[in-house]
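The following note sets out points on the strand pairing and helix packing of the structure shown below. Please read it alongside the coordinates.

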Amino acid sequence: MTDKFKDNKAICAAPWVHLHVQPDGKVYPCCTALEHDVTYGNTHEMTIQQAWHSDIAQRFRKNLLEGNKQSACSVCYNQEKYYQDGGSLRTSLNSRYGEFITDNLTPDFHIKYLDVRSSNTCNMACVMCYHGLSSSWYEDGLAINFGVEPNSPKFIEINNAAEAEILKIVGSDLDIVYFAGGEPLLTPYHYTVLDYLIEQDLAKNIRLEYNTNLSVLRYKKRNIFDIWKNFKSVEIRASVDMMGEHAEYQRYGTNWDTIVKNWKEVLTYPDIVIRPQITVTSLSIGVLPEFLHLLTTELECVIDRSKGINGITFNLCYGPKRLCVQNLPDSIKEIYTDRLTTYIQHGNDLANTMLQPCIDFMNEKPAELWYFEHDLLRYMTQLDKRRGLDWHKLWPEFIPHFKEDIMHEQH
């Protein structure tokens, strides 16, 4: 980053080098800004380049240049506060591409980092997700009146014009292509992009990064490893947060044995980096020690500072609030604090980099108990009736806080 911007605590390179498009066609500064009013535009109403130069995009760049911290960037600011290395998507982008930040509010369209979520197609219906990012949520969402817009189709996809424009955009400037979901390894356009990059002789200079549930490694008889070998590098951040029945509950649709099998298959390719992308929720935080032990033993997850690999990546769940660990009752916070602290004392560097920030975040604010006792427990009970599950067996510490009468209250 140039000296002009190095002391700017708000600045982020994303609005100058990064493109993020959602399945519904909305264009954002990045994937962490979705809950705020910084939608550049929508590909159903304009071209991607028009969205890139929209009034909202220009105003967002201007505010960052002036050092005004934006609510849309709160996830990164919080990660920088809690994470031991002070890292976030913002700091990562600034480190990689800070030199491309300029005073120009309508910069040329030279994308370095492409993140296109072309479809909500997914074979899982994770507890913290919704229909907009998972087609598998459709029926449950309709049944419990959660996250499905009236008359919405089950499958949500960017339009053909946007798909074609994205292929025209990519060129020799492109450095990273990031795929997430839906489930990218089940999404046809994912393969269209990869095939195009190979055909244009661009693949050898491009790094691929994934957020995948790791449930499949083949698509229509195509072996993904045969495709990945054409690219400069591949990094998988697998969406796994827990093990066994806990994993199959939070990420509904998971077959844990399949995840372990696929993880171990990836390990046979030494040039591919794999690590978990752990979402720390009220459901996952209490069982993190067991999961981290599995990672460091059977799944060979290690710290390798020579390659800049810290072994894990994780996101603290801020929303929905029912899943935010800050809203756990004090009695449960005490149980989990003791459990995580005990594991830290074992001296596992991999655990320390993650668990202490989780403890600090969980205990920083008093709980808004309504979100746990009324919202989360009611929500899980409704899902259990649909899915034939029983949260009581997996999280018995929650039972004293559940009252049957809340099922009849108005939300």
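1. Strand β2 (residues 26–28) pairs with β3 in the antiparallel sense, over 2 bridges. Within this pairing, V27 has G41 of β3 as its bridge partner. The model is a predicted one, and the points below should be read accordingly.

2. The sheet to which these strands belong is open and contains 9 strands, in the order β3-β2-β1-β4-β5-β6-β9-β10-β11. Its pairing is mixed. At the edges stand β3 (41–42) and β11 (313–316), each of which pairs on one side only.

3. Helix α8 packs on this sheet, where it touches β5 and β6. The direction of α8 makes about 165 degrees with that of β5. Angles over 145 degrees count as roughly antiparallel, so α8 may be described as roughly antiparallel to β5.

4. Strand β5 (residues 176–179) and β6 run parallel and are joined by 4 bridges. One of the pairs in this region is I176 with R207, the latter being its bridge partner in β6. Together with helix α8 (residues 188–199), β5 and β6 make a β-α-β unit, and this unit is right-handed.

5. On which strand does the parallel pairing of β6 by 6 bridges fall? The partner is strand β9 (residues 233–238). Here E209 stands opposite E235 of β9. Strand β6 (residues 207–212) is itself mostly covered, with 5 of its 6 residues buried.

6. Helix α7 (residues 160–169) contributes the buried residues A162, E163, E165, I166, L167 and I169. Two glutamates, E163 and E165, are thus included in the buried set. The buried residues of α7 pack against strands β1 (18–21) and β4 (113–116), and against helices α2 (48–52) and α8. Helix α8 therefore has contacts both with the buried residues of α7 and with strands β5 and β6.

7. A further packing concerns two helices, α4 (residues 74–82) and α5 (residues 89–97), whose axes come within 7 Å and cross at roughly 90 degrees. Because of this crossing angle, α4 is roughly perpendicular to α5. On the α4 side the contact is made by C76, Y77, Q79 and E80, and on the α5 side by L89, R90 and T91. By character, the residues of this contact divide into 3 nonpolar, 2 polar and 2 charged.

Technical notes: Residues numbered from 1 in each chain as written. Predicted model: local features only at pLDDT ≥ 70, side-chain atom pairs only at ≥ 80, totals over all residues. Heavy atoms only, no water. Buried < 20%, exposed > 50% of the residue type's maximum accessible area, 1.4 Å probe, protein only. Pairing = 2+ DSSP bridges. Right-handed = clockwise from strand over helix to strand, strands pointing away. Contact = heavy atoms within 4.5 Å. Axes fitted to C-alpha atoms, helices over the stretch in contact; angles between N-to-C directions. Parallel < 35°, antiparallel > 145°, perpendicular 65-115°, else oblique. Nonpolar A, V, L, I, M, F, W, Y, C, P; charged D, E, K, R; others polar.
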